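Please open the structure in your viewer and keep the sequence panel beside it. The tour begins with the whole chain and then moves from one selection to the next.

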Amino acid sequence: MGTSPYLIRLDDTLRQSLEREAEIEGRPPTQLAVRAIRAMLESKAAKRAAIEVAFERADQGEFISAEAMNDWIDSWDTEEKVSAPKADIAPNRA
């Protein structure tokens, strides 16, 4: 895979933070910037894929109840975290 230059403008605070972190890691600031951009793009792609799956399930009538979702969210900052909920509302389910 080839590379090509890409010019971006950073405000002074962001540039200084990037340079400070690069110095701590002993890497060029551009390497950290590329890793950050790659991580952000991968995260956005994963989020889009999850949304597409959710739409497909919704089209099939599968949903997560508000109760199950709230129980999961309420557990986030506790020591008793619960697993992410699975669809518990579907056609022909009692």
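Accessible areas here come from the Shrake-Rupley method with a 1.4 Å probe. On that basis the accessible surface of this predicted model comes to about 8500 Å², and 55% of that surface belongs to carbon and sulfur atoms.

**The whole chain**

Begin with a cartoon of the entire protein, in which you should find 3 helices and 0 strands, following one another from the N terminus as α-α-α. If you orient the view along the principal axes, the C-alpha trace spans about 60 × 35 × 25 Å. The radius of gyration is 21 Å, whereas a compact globule of 94 residues would have a value near 12 Å. Colouring by accessibility will pick out the buried residues, which make up 9% of the 94 residues. Among contacts with a sequence separation of 6 or more, 32% are accounted for by residues 24 or more positions apart. For a view of the charges, select the 13 positive and 18 negative ones, whose mean positions lie 8 Å apart.

**Before the first helix**

Next select Leu10, which is placed in the segment before α1, the helix that covers 12-25. Leu10 has a relative accessibility of 33% and therefore counts as partly exposed. With neighbours within four places in sequence left aside, Leu10 is in contact with Arg15 and Leu18. Add Ala87 to the selection and draw the distance: Leu10 and Ala87 are 77 residues apart along the chain, and their C-alpha atoms are separated by 43 Å.

**The loop between α2 and α3**

Move on to Ser65, in the loop that links α2 (29-59) to α3. Is Ser65 buried or exposed? Its relative accessibility is 16%, and because buried means under 20%, Ser65 counts as buried. A polar atom of the Ser65 side chain lies 3.1 Å from the backbone nitrogen of Ala68. Showing the surroundings of Ser65 also brings up Asp88 and Ile89, with which Ser65 is in contact once neighbours within four places in sequence are set aside.

**Within α3**

From there, step into helix α3 and select Met69, which at 27% relative accessibility counts as partly exposed. Beyond its neighbours within four places in sequence, Met69 is in contact with Ile64 and Pro85. For a longer line across the model, join the C-alpha atoms of Met69 and Gly26, which are 43 residues apart in sequence and 43 Å apart in space.

**After α3**

The last stop is the segment that follows α3 (66-74), where Ser75 is to be found. Ser75 has a relative accessible area of 6% and is buried. Which residues does Ser75 touch, not counting those up to four places away in sequence? They are Glu80, Lys81 and Val82. With Val82 there is a polar approach to display as well, since its backbone nitrogen lies 3.1 Å from a polar atom of the Ser75 side chain.

Finally select Ser83, also in the segment after α3. At 63% relative accessibility Ser83 counts as exposed, whereas Ser75 is buried. A distance drawn from Ser83 to Ser17 joins C-alpha atoms 36 Å apart in space, and the two residues are 66 residues apart in sequence.

Note on methods. Residues are numbered from 1 along each chain as its sequence is written. This is a predicted model: local features need pLDDT of at least 70, side-chain atom pairs count only at pLDDT 80 or more; totals for chains, interfaces and linings use all residues. Side-chain values use heavy atoms; hydrogens and water are left out. Helices (H or I, at least four residues) and strands (E, at least two) are DSSP runs, numbered from the N terminus. The radius of gyration is taken over C-alpha atoms; the globule rule is 2.2 Å times the number of residues to the power 0.38. Buried means under 20% relative accessible area, exposed over 50%, partly exposed in between (1.4 Å probe, protein chains only). Contact means heavy atoms within 4.5 Å. Lys and Arg count as positive and Asp and Glu as negative; His and the chain ends are not counted. The place of a charge is taken as NZ of Lys, CZ of Arg, CG of Asp or CD of Glu. A polar contact is a pair of N or O atoms within 3.5 Å; within protein, one must be able to donate a hydrogen and the other to accept it, and residues adjacent in sequence count only if both atoms are side-chain atoms.
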